Every structure is written in structure tokens, then in C-alpha cells.
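The following exercises concern the structure shown below. Each task is followed by a solution that proceeds step by step.

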Amino acid sequence: DGGSLANYFQHQAQISDGAPKRFRKADNGEHLLSPTESSDEPAEPNDFFLHLAAYSRGNLGVARAYWRAGLRSEPEQPEAEKRELDAGDSSTRANTIWVAAWDQFRHPGIPESAGWEEGWVLHSLLLHNGLSEHWLSRLLPFPFHRLTGILTLLESRGLLEQKDDVWRVSSRGYPAVRNFMQASGYLTDAF
């Protein structure tokens, strides 16, 4: 839930180098996590964490991918930094980490043209926790050039990533892929 995610991220920030971190919204300067001097104090969940928990369905890998994607070194609006300075927080400015607002995230999405071929590629990658293009071409009943086109399309939409010749469903793309799988009649997990 939102509170658990807030506590998790606050704890992770505190153990990174021991210095208290202040997380603020990059668009308006409001505290995203309550500033605390100790990671033992529970964090107050913000609406960001409620949205993140709902969208990730509690999947920590998805939540971490979105959290990392939202971190900023500078505020997006000058008013946000001014709010921090006006509040007398200039001494903690070096420990302030800005986070993009939830509504500013771009979520990967399944192409409207996706059909059974894309479904089979995605299902195969999920079942095997990733596969090389070579193995995908041996498993799936369509030409290699078609497979390459599908992989490229899904990667451009943020749904897949390739590392060391292995294709996987990206953490940020997982919610969209899961919804597509479920809508297409595939069995899905609890996440």
C-alpha cells in the first residue's frame, strides 16, 4: 500500500549514506515524504505513493522503476525551490531530492494494433523471464523479420528492454503487459 511504499523508500534513502534526505515534489515543492531524522519513524504516505501502489499493484519491482524514473536533481518549477528557501530549509538543500509528480509520468502502453503475435511474444518473455531473439524465433511460429519488427515496436513503446542479447518485459512496462495478457485471456499472476 502507499504507506508501506513510503516507508520503504524513506528507509532506503536513509541507509544510502546516513544523511537525512528530504524528498519534495518537483512541481510545487511540497514534501513527498515527511522529513525525519530517523528511518525508525514511519513515513506519512503522500498521494504520489497511493497512486504508485495502485498502479504497481504492490509489485516492488514496478514501484522501484517508477520511483527511480521520477527522481530529479532540480525542481521543475522555480516556485518549488522558492518554497523550500522560504521555509528556511536552505541548510538541507544539498540533501533535497526532487520527485516528478505522478501525473507527469508517461506510462508504457500496448500498441492499438497488437494482436496474437505480440501476445505470444510477450507471453513467451514472461514465462521464460526473458529470451534471446534466437530462442524466440525457434519457439514462435512466424518469420524472423516479423519477430524483429515486433520486438522493435514493443521496445519503442517502453514495454521491452534488451540486455546482453536477452529480451525482457521492462519493469515499467509490466502493468500494461499484464493488463493486455489478462484482456487477451492469458492466465495472469496476482500482481
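Among the contacts in the chain with a separation of 6 or more, 65% join residues 24 or more positions apart. The model is a predicted one.

**Exercise 1. Describe the secondary structure of the chain and state what percentage of its residues is buried.**

Step 1. The chain contains 8 helices and 6 strands.

Step 2. Read from the N terminus, the order of these elements is α-β-α-α-β-α-β-α-β-α-α-β-β-α.

Step 3. The chain has 191 residues, and 42% of them are buried.

**Exercise 2. Determine how helix α5 is oriented relative to helix α7, and identify the residues in contact.**

Step 1. Two packed helices are described by the angle between their axes and by the distance between those axes.

Step 2. For α5 (residues 116–128) and α7 (residues 144–156), the angle is about 75° and the axes are 10 Å apart.

Step 3. Angles of 65 to 115 degrees count as roughly perpendicular, and therefore α5 is roughly perpendicular to α7.

Step 4. On the α5 side, the contact is formed by Glu 117, Glu 118, Val 121 and Leu 122. On the α7 side, Arg 146, Leu 147, Ile 150, Leu 151 and Leu 154 take part.

Step 5. Sorted by class, the contact of α5 with α7 has 6 nonpolar and 3 charged residues, with no polar ones.

Step 6. Val 121 also deserves separate attention. Beyond its neighbours within four places in sequence, Val 121 is in contact with Leu 140, Phe 142, Leu 147, Ile 150, Leu 151 and Leu 154.

**Exercise 3. Which residues touch the most other members of the largest nonpolar core, and which element gives the largest share?**

Step 1. In soluble globular proteins, nonpolar side chains tend to be buried together.

Step 2. The largest nonpolar core here has 41 residues, of which Phe 48, Phe 49, Leu 52 and Val 121 touch the most other members.

Step 3. Two or more residues each are given by α1 (2–17), α2 (47–56), α3 (60–70), α5, α7, β6 (166–169) and α8.

Step 4. The largest share of this core is that of α8, with 5 residues.

**Exercise 4. Explain why helix α8 is described as largely enclosed, and place Asn 179 in this setting.**

Step 1. Of the 10 residues of α8, 7 are buried, so this helix is largely enclosed by the rest of the structure.

Step 2. The buried residues are Tyr 174, Pro 175, Ala 176, Val 177, Arg 178, Phe 180 and Met 181. Their cover includes α2, α3, α5 and β6.

Step 3. Asn 179 lies in α8, which spans residues 174–183. Its relative accessibility is 45%, and therefore Asn 179 counts as partly exposed.

Step 4. Although Asn 179 and Gly 109 are 70 residues apart in sequence, their C-alpha atoms are 10.0 Å apart in space.

Step 5. After α8 comes Gly 185, with a positive phi near 90°.

**Exercise 5. Which side chains of strand β6 are buried, and how does β6 pair with β4 and β5?**

Step 1. In a regular strand the side chains alternate between the two faces of the sheet.

Step 2. In β6, Trp 167 and Val 169 point to one face and are buried, whereas Val 166 and Arg 168 point to the other face and are not buried.

Step 3. β6 pairs with β4 (residues 131–132) in the antiparallel sense over 2 bridges, and Ser 132 is opposite Val 166.

Step 4. β5 (residues 160–163) is also antiparallel to β6, joined by 4 bridges. Here Leu 160 has Val 169 as its bridge partner.

Step 5. The hairpin of β5 and β6 has 2 residues between the strands, and Asp 164 takes a positive phi near 55° there.

Conventions
Residues numbered from 1 in each chain as written. Predicted model: local features only at pLDDT ≥ 70, side-chain atom pairs only at ≥ 80, totals over all residues. Heavy atoms only, no water. Buried < 20%, exposed > 50% of the residue type's maximum accessible area, 1.4 Å probe, protein only. Axes fitted to C-alpha atoms, helices over the stretch in contact; angles between N-to-C directions. Parallel < 35°, antiparallel > 145°, perpendicular 65-115°, else oblique. Contact = heavy atoms within 4.5 Å. Nonpolar A, V, L, I, M, F, W, Y, C, P; charged D, E, K, R; others polar. Core = buried A, V, L, I, M, F, W, Y, C linked by side-chain atoms within 4.5 Å. Pairing = 2+ DSSP bridges.
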